[in-house]
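Dear colleague,

I am handing over the structure below, and after it I set out what was found in it. Please read the notes alongside the coordinates.

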Amino acid sequence: MSKTIKNCFDDKLTYINLYNAYYRICKNRRNKSYILKFELDLETNLINIMNELKTNTYKPGKYHEFIIYEPKQRLIKALPFKDRVVHQWYIGEFIKPFIVKRFITDTYSCIENRGTHKAVLQIQKYMQKYRRINPDYYVLKCDIKKYFYSINKDILFNIMSKYITDKKLLNLTKIIIFDDDKDRVGIPIGNYTSQYFANIYLNELDHYVKDVLKVKYYVRYMDDFVLLLDSKSECKIIKRKIEEFIEDKLKLTLNSKSKYFPNSLGVDFCGYRIFNTHRLLRKSSRKKILKKIKKWNKKYFNNEKLDYKKVEASINSWLSHSNHCNSYKLQQSVLKKIAFDYKNIISS
């Protein structure tokens, strides 16, 4: 594998590749108005994108901003559909095949065939393995304070420049990163590219932890990461070194919730409480589904409009999530609290 991405921008800039990028975005959501509008003149729209990229005249459109409140309040910035096609093409043709392959094995966000459940399984596997070596080992659990809002664009671009020597691709990378020059810190949560840039940014930390600090048992999912270490004193030393590294090299700080503790307390990670012998669902997940059920029951008893298909989808999603831990009794308890038979209502 070449050390850098070079001399491939023009080869990858084809109508079929842009069409495939468009298709990946609109798969399973073709009823969206902005997609239907783009499809009205699909061929012309894709050719226009291709020509703008080829002649270096491409400029991102204006963001649509809105706030979400789950799992916590966040500002989401969404680009016009045309720009999403560009981002999808950029990630699909360059970032995934060239840069993602350079990630360490134990990073699990935004990577095919990995994800939260694989991260949880790997942490528990490491916990069980380490327990045989040292039953009294410690856990260092960290996350980054306001991660997406703290990413330094200049540092990010310098990191990307290590991977890219193709001048046209590097120029597009600069346009995507510095799409809003009024602020040099923070990347938009709503952009498809942002989740990959965020992963690439902390890939610097991954290699520092693995290659320099020589920590064997380390797992990261986006800005949450867990290290298994021999003792409390080692945790203190490693935590301080990580703080120094991210502050000096990445201009980041650890969240105040970052801490170390005996392994017997378990690890709260990716929605689960993980122990050496078993896994439990995070308490917040139980509270969230019970809150939804209370709301549905109230609507049902007041004869208010209730979308039973959405209820079923929400329940199935929660059950699927909870199936990855020891939760049978909890599932039965939660399902009993639903005051109506949504399955029969849907089928009738």
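How many positive and how many negative side chains does the chain have, and how far apart do the centres of the two sets lie? In this model, which is predicted, there are 69 positive and 36 negative side chains, and the centres of these two sets are 6 Å apart.

As for the overall architecture, the secondary structure of the chain consists of 15 helices and nine strands, and its C-alpha atoms fill a box of roughly 60 × 60 × 35 Å along the principal axes. Of the 348 residues in the chain, 47% are buried, and among the contacts with a separation of 6 or more, 72% are made by residues 24 or more positions apart. The chain exposes about 19,300 Å², of which carbon and sulfur atoms supply 49%.

Two patches on the surface may interest you. One is nonpolar and is formed by I67, Y69, L75 and Y149, which together have about 400 Å² of accessible area. Within this patch, I67 belongs to strand β1, covering residues 64–68, and I67 counts as partly exposed because its relative accessibility is 42%, a value between the cut-offs of 20% and 50%.

The other patch carries positive charge and brings together K125, K129, R132 and K216. R132 lies in helix α6, which spans residues 116–133, and this residue counts as exposed because its relative accessibility of 67% is over the 50% cut-off.

With best regards

How values were computed: Residues numbered from 1 in each chain as written. Predicted model: local features only at pLDDT ≥ 70, side-chain atom pairs only at ≥ 80, totals over all residues. Heavy atoms only, no water. Helix = DSSP H or I, 4+ residues; strand = E, 2+ residues; numbered from the N terminus. Buried < 20%, exposed > 50% of the residue type's maximum accessible area, 1.4 Å probe, protein only. Contact = heavy atoms within 4.5 Å. Areas by Shrake-Rupley, 256 points an atom, 1.4 Å probe, with all protein chains shown as cover. Lys, Arg positive; Asp, Glu negative; His and termini not counted. Charge placed at Lys NZ, Arg CZ, Asp CG, Glu CD. Patch = residues over 30% accessible without salt bridge, like charges linked within 9 Å, V, L, I, M, F, W, Y side chains within 5 Å. Salt bridge = Lys/Arg side-chain N within 4 Å of Asp/Glu carboxyl O.
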